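Q: Please choose a single part of this protein and look at it closely, working outward from that part to its surroundings. I would like one connected account that I can follow with the model open beside me.

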Amino acid sequence: MKVELKENESLCDLQRNGYQIIQDKDKFCFGMDAVLLSSFAEVREGERAIDFGTGTGVIPVLLEAKTEGQSFVGLEIQPESVDMAKRSVKMNNLEDKIEIVEGDIKNASEIFGKDSFDVVVTNPPYMSENNGLENPDAPKAIARHEVKCTLEDVIREAAAVLKPQGRFYMIHRPRRLADAMELMREYKIEPKRIRMVYPYVDKPSNMVLIEGARGGKPMMNIEEPLIVYEEPNVYTQDILDIYNK
């Protein structure tokens, strides 16, 4: 289905089922972290999943393409992103599988009710420091900094909307890993699986993928490192496999 693009908007081909996403380069475009998270997350047949802070809806669309999940919800606080996400869902004829909801992550359990999802996925703002932001209400600032919600808000509400034994998937920065582990256990989401992501084999990790289970038993697997580039602009085979998965 064709949709009319607004000023500064463009289409990004997801190279999956012919799906495309509407983006605005002046606001916020999805990056590799969304692709890595959608590959790391598992949504099983018949399960219901929600993406906290969905932006333009790329993760629900990718999850619909890659998994056997029954239905997907994208929760987003920024009206402009909600509008783009809804038009992308309509353009891809996914209205019967994906719902985009405008709302605040801090109120997720009030919006959807407790124990309402099998899976929560999130690519939350990475930066806790908001001092010095020239415009805290700018779309890019909201996406990158904890302006509208904190890491604790995300984990607390994930625990509330997850069913018992439901799974939580998040991508974040390694420097916040201790905070994430502490908060997950505080809200009864047991860390189960971690994979560190490195830009190059000889560089420090710059992303971490985390899986947790609500009410799970203590036992965590550390997966093999994921290296992004063999050399500048040349992806490793692992990354190519993720993009082609």
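A: The account below follows strand 3 and its surroundings.

The model is predicted, so local features are given only at pLDDT of at least 70 and side-chain atom pairs only at pLDDT 80 or more, whereas totals for chains, interfaces and linings use all residues. Residues are numbered from 1 along each chain as its sequence is written, and side-chain values use heavy atoms, with hydrogens and water left out.

The protein chain holds eight helices and 13 strands, which are DSSP runs numbered from the N terminus (helices H or I, at least four residues; strands E, at least two). Of its 245 residues, 51% count as buried, that is, under 20% relative accessible area, with exposed meaning over 50% and partly exposed in between (1.4 Å probe, protein chains only).

Strand 3 covers residues 48-52, and because four of these five residues are buried, the strand is largely enclosed by the rest of the structure. It pairs with two other strands, where pairing requires that DSSP finds at least two bridges between them. Five bridges join strand 3 to strand 4 (residues 71-76), and the two run parallel; here Phe 52 stands opposite Leu 75. Strand 6 is also parallel to strand 3, joined by four bridges, and in this pairing Asp 51 has Val 121 as its bridge partner.

Strand 3 and strand 4 also belong, together with helix 2, to a right-handed β-α-β unit, a crossover being right-handed if, with the strands pointing away from the viewer, the path from the first strand over the helix to the second runs clockwise.

Val 121 leads from the strand into the interior. Not counting residues up to four places away in sequence, Val 121 touches Ile 50, Asp 51 and Phe 52, as well as Leu 37, Ala 41, Ile 59, Leu 63 and Tyr 169, a contact meaning heavy atoms within 4.5 Å. In the largest nonpolar core, which has 36 residues, Val 121 and Leu 36 touch the most other members; such a core is a set of buried Ala, Val, Leu, Ile, Met, Phe, Trp, Tyr and Cys residues joined through side-chain atoms within 4.5 Å. The elements that give two or more residues to this core include helix 1 (32-40), helix 2 (58-66) and strand 6 (117-122). Another core, of 30 residues, lies apart from it, with Val 101, Val 161, Ala 180 and Ile 210 among its members.
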